[in-house]
Amino acid sequence: MDKLLQLLSKNAQFSTAELAAMLGEPEDHIKAQIKEYENNGIIKGYQAVVNWENMADSFVEAMIELKVTPKKETGFDEIAERCMAFEEVESVYLMAGVYDLALIVRGQTMQDISMFVAKKLSTIDGILCAATRTEASI
Amino acid sequence: MINYDKYLNSSIRSLAPSGIRKFFDIANEMDHVISLSIGEPDFQTPWHIRDEGIRSLEKGKTWYSPNRGFSDLLKEISNYYERRFSLTYNPFEQALVTVGGSEAIDLAFRCLLEEGDEAIIPQPAFVCYNPLCTMAGGVPVNINTKNEDNFRLKAADLEAAITPKTKLLVLPFPNNPTGAIMERSDLEEIAEVVKRHDLMVLSDEIYCELTYGGRNHVSIASVDGMYERTIVINGFSKSYAMTGWRLGYALGPAPIISQMTKLHQYGIMSAPTTAQYAAIEALKNGDRDVNHMRDEYDMRRRLVVDGFNEMGLSCFEPLGAFYVFPCIQSTGLSSEEFCTRLIMEKHVAVVPGNAFGECGEGFVRVSYSYSLKHLKAALARIREFVEELRHEG
């Protein structure tokens, strides 16, 4: 794997001078390389890794596995996009295996998540069944 | 009250305790300390190696091994030296598995030295050589390696230290604490002197897998006429991140190894069985892990060397082990003062250079066997410290 990307993916706060020192390359080269990765979408962004559980206004997360009937023209995409439109949904993964889609859902309480599944998710046409699993970061 | 001193051997009483521990101990009692003082890999032993140890326990392999070590391990050690350094050792006559490299060093001193024999030990060097040599009845004669020579041992300095009593030269390269290495041309010059004065060499190659900048370790045993004069010491601690398993080995001329084996048999019996099973796996399938760890260390090394040079503490480029040895003379402090103030004021632990011999005064040893995040934070604190010192001055 590209060493520059490996370093940045662990810690995006290295300065270009530090990266240049570690990789034994000129700083200009490092800057250009990062620019290129940003331009061609290999580096999609930089974000803080937040330990939300330590925050006062805590919340819960759950993973919901969905079995769906793919639409004729659009496959799983249409349902995935509809799921993503809900503000409770953090991310959507296409799965291979027993389930077709996995959603990471966030709410203030487990009750919120249950209501979301019951009232919003289950009304989408094409969703056959759902299994909710709670998540705890360790 | 019994006066125990009268029972205790006077040589052991007069040995100074290791200077590394002191800063360790202060660091352990303080909160939020960033330590760069430890000389062991921060990596865990690779899983497949641990797994072999576990499996051997599951199978109930909990007995003594043969005194020399398991023959499979002896064969793998011999294969390894053949493969990496083109040196051929008969696994059953020229190899001995020990409890860490340290035991092998102790055995070699005790098997070679008679009362009053001199052993030449270049410094700065790891703290065990002088005391072990003394306890074996030998007389350690220290040669100072110098910053301007990149801390390599020079043939002329060796020549000057030789007396009719000199029997042994200790070659601790790649070096702890300086990170210096010896290249083939350096070793060839040393070999000429060794042969001319009919000496033996104890080559401590524990850091042999940790060399950088495309330079592979060269064993002095591979220099013309030196194979028969060299006892190679090595082990698994540094290359495979196996410090706690306590496993090392010695390779050398059969008559010497057989005497070392005899002493090992009486004093130790055999090296740990579980560790030996794990080590066989390490030598068979561990090359990828070694390469991966070396690459990681290399990045850290560059970051740290660059960091020290940037803050004006000149730092020669170490090409081996996992230490840098920056010069702190420009701060006007002694090594001891620098380390004490750094830990008290900024909570960063490094080791004073003079813990590795008087000639290490003016330097500090910094281990970069830590995560990049940890190193970055430590460097920032050291930079602050050095800037504050400049303002004071």
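Leu113(B) touches Ala119(B), Cys133(B), Ala136(B), Gly137(B), Gly138(B), Lys167(B) and Leu168(B), leaving aside residues up to four places away in sequence; residues are in contact here if their C-beta atoms, placed from the backbone, lie within 7 Å. This is a predicted model, in which local features need pLDDT of at least 70, side-chain atom pairs count only at pLDDT 80 or more, and totals for chains, interfaces and linings use all residues. Residues are numbered from 1 along each chain as its sequence is written, while chains are lettered from A and ligands numbered from 1 in the order in which they are written.

**Two loop residues of chain B**

Leu113(B) is located in the loop between helix H5 (100-112) and strand S3 (118-123) of chain B. Helices (H or I, at least four residues) and strands (E, at least two) are DSSP runs, numbered from the N terminus. Leu113(B) counts as buried because it has 22 C-beta neighbours inside 10 Å; the term buried requires 20 or more other C-beta atoms within 10 Å of the residue's own. Between Leu113(B) and Thr166(B), 53 residues apart along the chain, the C-alpha separation is 9.8 Å.

Phe236(B) belongs to the loop between strand S7 (230-235) and strand S8 (248-251) of chain B. Phe236(B) also counts as buried, with 28 C-beta neighbours inside 10 Å. Not counting residues up to four places away in sequence, Phe236(B) touches Met242(B), Trp245(B), Leu247(B), Ala279(B) and Ala282(B). The C-alpha atoms of Phe236(B) and Gly248(B) are 6.0 Å apart in space, and the two residues are 12 apart in sequence.

**Domains**

Domain bounds come from an automatic or database domain assignment. The domains are listed below.

| Chain | Domain 1 | Domain 2 | Distance between C-alpha centres |
|---|---|---|---|
| Chain A | residues 3-39 | residues 52-135 | 36 Å |
| Chain B | residues 4-45 + 288-392 | residues 47-285 | 24 Å |

In chain B, the contact between the domains takes 35 residues from domain 1 and 36 residues from domain 2. Helix H1 (10-14), H11 and strand S9 (323-324) of chain B each supply at least two residues of the domain 1 side. The largest share of that side, seven residues, comes from H11(B). By class, the domain 1 side has 20 nonpolar, nine polar and six charged residues. Ala, Val, Leu, Ile, Met, Phe, Trp, Tyr, Cys and Pro count as nonpolar, Asp, Glu, Lys and Arg as charged, and the others, Gly among them, as polar.

**Helix packing**

Helix H11 (residues 287-310) of chain B packs with helix H13 (residues 372-392) of chain B at an angle of about 5°, their axes being 11 Å apart. H11(B) is therefore roughly parallel to H13(B), a term for angles under 35 degrees. Arg300(B), Leu303(B), Val304(B) and Gly307(B) of H11(B) make the contact with Leu372(B), Leu375(B) and Leu379(B) of H13(B).

In chain A, the axes of helix H1 (residues 3-10) and helix H2 (residues 16-23) come within 11 Å and cross at roughly 135°. H1(A) is therefore oblique to H2(A), a term for angles that are not under 35, over 145 or 65 to 115 degrees. Lys3(A), Leu4(A) and Leu7(A) of H1(A) meet Leu19(A), Met22(A) and Leu23(A) of H2(A). The residues of this contact divide into five nonpolar, no polar and one charged.

**Contact between the chains**

Five residues from chain A and six residues from chain B form the contact. The chain A side that touches chain B divides into two nonpolar, two polar and one charged.

Notes
Contact = placed C-beta atoms within 7 Å. Axes fitted to C-alpha atoms, helices over the stretch in contact; angles between N-to-C directions. Buried ≥ 20, exposed ≤ 12 C-beta atoms within 10 Å, placed from the backbone.
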